[in-house]
Amino acid sequence: NTREGIHVRTSMILSVSMLTLGLAAAAGQPLDIPESWTFRGVQEFVPVPQKVDAFCAHITNTLGKIGVRQLVIRFAYHYEYKSHPECRQGDALSEAQVRQIRAACEQAGIELIPGSNSFGHQHLEGGNGILGSHPELSETRGEKDDAKKDTRSLCAKSEEARRIATDLLLELAEVCGAKRVHIGCDEVMQIGRCDRCKGVPREKLYADWGNGL
């Protein structure tokens, strides 16, 4: 689906180990990647604010020189969101810092693709994030949560959860100048459990969530 001209979809990204990247860069050799591969990219976690300069140098001096053309950055809630500031997590990057990363990618000829876990893995985002600020949007709200922390998910039937998740993705897309975003959605373990979701096939809940962003 699209909203405001931004395509929100998952993409299969070729992940190349940073060890291989480092060895290739040190040797001054480009990676032997077939030209027929549409995506030649890596995924990395968002840097802490104090390391943005070093991260930009990494983009320029390593990734750009060895032929990487797509860089997925897992921002999650480490950005100073304006649409939902309550979801910000510690070590959040400012708009100016994200634009600095964007400029480094543009200079290196790399497409910047922002990403976030927009369904499952909500524990990873610490005390804030969507569930930290809006616990009522959890799939296990109102019941004893005996699941492991790494399986907590948003309620697939909650329009409020979907609206917030989409707002955050769109804000990331705008500041990054991105035509697409990575919506995560891996390992959604808590699904089909709450009163709103019970009885609906889990595959339908999953597909409807992704298609509705």
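Two worked exercises follow on helix α3 and a three-stranded sheet in this predicted model.

**Exercise 1. Helix α3**

Find the span of α3, sort its residues into buried and exposed, and name the elements its buried residues pack against.

*Solution*

Step 1. Take the extent. Helix α3 covers residues 95-108, which makes 14 residues. From first C-alpha to last, α3 reaches 20 Å. That is close to the 20 Å expected at 1.5 Å a residue.

Step 2. List the buried residues; the cut-off is under 20% relative accessible area. In α3 these are Q97, V98, I101, A104, C105 and A108. They lie on the same side of α3 because they cover an arc of only 115 degrees around the axis.

Step 3. Turn to the opposite face. The face of α3 turned away from the buried side carries the exposed residues A96, E106 and Q107.

Step 4. Find the partners. The buried residues of α3 pack against two helices, α2 (52-63) and α5 (159-176). They also pack against the strands β4 (70-74) and β5 (111-115).

Step 5. Look past the helix end. G109 follows α3, and its phi is positive, near 75 degrees.

**Exercise 2. The sheet**

Give the strand order and the edges of the open sheet, then place α2 on it.

*Solution*

Step 1. Read the order. The three strands run β3-β4-β5, with parallel pairing.

Step 2. Pick the edges. β3 (41-45) and β5 each pair on one side only, as edge strands.

Step 3. Get the twist. Neighbouring strands are turned by 20 degrees against each other on average, direction ignored.

Step 4. Check one pair. Five bridges join β4 to β5. I73 stands opposite P114 in β5.

Step 5. Add the helix. α2 packs on the sheet and touches β3 and β4. The direction of α2 makes about 160 degrees with that of β3.

How values were computed:
Residues numbered from 1 in each chain as written. Predicted model: local features only at pLDDT ≥ 70, side-chain atom pairs only at ≥ 80, totals over all residues. Heavy atoms only, no water. Helix = DSSP H or I, 4+ residues; strand = E, 2+ residues; numbered from the N terminus. Expected span 1.5 Å × (residues − 1). Buried < 20%, exposed > 50% of the residue type's maximum accessible area, 1.4 Å probe, protein only. Arc of directions from axis to C-beta. Contact = heavy atoms within 4.5 Å. Pairing = 2+ DSSP bridges. Axes fitted to C-alpha atoms, helices over the stretch in contact; angles between N-to-C directions.
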